[in-house]
Amino acid sequence: SHKKPLPARASMFSAVVPGLGQAYNGDYWKIPIFYTGLGVSIFCWADNQQQYDRYREMYRQLGDNTYEGNLTEDNIKWYRDQYRRYRDYSIIATALVYALNIIDANVFAHFSTFDISDDISFNVDPAMINPVVPQTSNFAYNSQQVGLQMSLKF
């Protein structure tokens with residue numbers, strides 16, 4: 001017999017080891033997706049950090065008058081700032097993929113107890129309607145009227 005997964009346990013597993021919450025829920029096909037997302041964002045993070053360090057070193061050499069390249073000071077500053085911005089975006093992307101991993105494990109653990117049945121119906125039937133009319137005079141107007149009743153079952 002298969003026990004229903006607990007959402008808190010699935011979240012904790014995914015927080016400790018990304019993808020473990022999906023394995024706990026039985027959603028094995030999602031694990032490569034999260035590892036690919038984490039891998040790409042961490043690779044971009046490392047590459048942009050390396051380029052940022054390179055242009056930061058060039059800018060430092062420019063201040064020490066030891067720079068022997070052909071880029072201008074404005075170009076070096078622009079590249080340095082761009083790679084720092086891209087590195088920051090990569091850090092945010094890594095955090096978002098990691099958080100999405102935890103949220104996915106929690107949500108789909110909750111969905112494991114969700115009733116999915118084929119009984120989805122929409123009915124329109126005639127019905128007697130009791131109108132609600134404010135009493136503005138001494139006698140009340142309470143006559144029933146014929147109308148339509150709609151019901152949605154899912």
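These exercises walk through a predicted model of one protein chain.

**Exercise 1. The overall layout**

Find how many helices and strands the chain has, and in what pattern they follow along the sequence.

*Solution.*
- Step 1: Count the elements. The chain holds 4 helices and 2 strands.
- Step 2: Read along the sequence. The pattern is α-α-α-α-β-β.
- Step 3: Look at burial. The chain has 154 residues, and 23% of them count as buried.
- Step 4: Look at contacts with a separation of 6 or more. Residues 24 or more positions apart account for 60% of these.

**Exercise 2. The two sides of α1**

Work out which residues of helix α1 are buried, and how they are arranged around the helix axis.

*Solution.*
- Step 1: Locate the helix. α1 spans residues 7–16.
- Step 2: List its buried residues. They are Pro 7, Ala 10, Ser 11 and Ser 14.
- Step 3: Look down the axis of α1. The buried residues fall within an arc of 100°, so they line one face of the helix.
- Step 4: Recall the helix geometry. An α-helix has 3.6 residues a turn, so residues three or four places apart point the same way.
- Step 5: Turn to the face away from the buried side. Ala 8 and Val 16 are the exposed residues there.
- Step 6: Ask what the buried residues of α1 pack against. The partners are α2 (20–25) and α4 (73–111).

**Exercise 3. How α1 meets α4**

Describe the packing of α1 and α4: the axes, the direction, the handedness and the residues.

*Solution.*
- Step 1: Choose the terms. Two packed helices are described by the angle between their axes and the distance between the axes.
- Step 2: Apply them. The axes of α1 and α4 come within 8 Å, and they cross at roughly 160°.
- Step 3: Compare with the cut-off. Angles over 145 degrees count as roughly antiparallel. α1 and α4 are therefore roughly antiparallel to each other.
- Step 4: Give the handedness. The crossing of α1 past α4 is right-handed.
- Step 5: Name the residues. From α1 come Pro 7, Ala 10, Ser 11, Ser 14, Ala 15 and Val 16. From α4 come Tyr 98, Asn 101, Ile 102, Ala 105, Asn 106, Ala 109 and His 110.
- Step 6: Sort them by class. This contact of α1 with α4 has 8 nonpolar residues, 5 polar and no charged.

**Exercise 4. How α3 meets α4**

Do the same for α3 and α4, and give the residue classes in their contact.

*Solution.*
- Step 1: Take distance and angle. The α3 and α4 axes come within 8 Å and cross at roughly 160°.
- Step 2: Give the direction. α3 and α4 are therefore roughly antiparallel to each other.
- Step 3: Give the handedness. α3 and α4 cross in a left-handed way.
- Step 4: Sort by class. The contact of α3 with α4 has 19 nonpolar, 8 polar and 7 charged residues.

**Exercise 5. Two single residues**

Decide whether Asp 27 and Tyr 35 are buried, exposed or partly exposed, and find what each touches beyond four places in sequence.

*Solution.*
- Step 1: Place Asp 27. This residue lies in the loop between α2 and α3 (31–64).
- Step 2: Classify Asp 27. Its relative accessibility is 17%, so Asp 27 counts as buried. The cut-off is under 20%.
- Step 3: List its contacts. Asp 27 touches Gln 22 and Phe 108.
- Step 4: Place Tyr 35. This residue is in helix α3.
- Step 5: Classify Tyr 35. At 42% relative accessibility, Tyr 35 counts as partly exposed.
- Step 6: List its contacts. Tyr 35 touches Val 17 and Pro 18.
- Step 7: Set sequence beside space. Tyr 35 and Val 97 are 62 residues apart in sequence, yet 9.0 Å apart from C-alpha to C-alpha.

Key
Residues numbered from 1 in each chain as written. Predicted model: local features only at pLDDT ≥ 70, side-chain atom pairs only at ≥ 80, totals over all residues. Heavy atoms only, no water. Buried < 20%, exposed > 50% of the residue type's maximum accessible area, 1.4 Å probe, protein only. Arc of directions from axis to C-beta. Contact = heavy atoms within 4.5 Å. Axes fitted to C-alpha atoms, helices over the stretch in contact; angles between N-to-C directions. Parallel < 35°, antiparallel > 145°, perpendicular 65-115°, else oblique. Left-handed = near helix turned anticlockwise from the far one by under 90°. Nonpolar A, V, L, I, M, F, W, Y, C, P; charged D, E, K, R; others polar.
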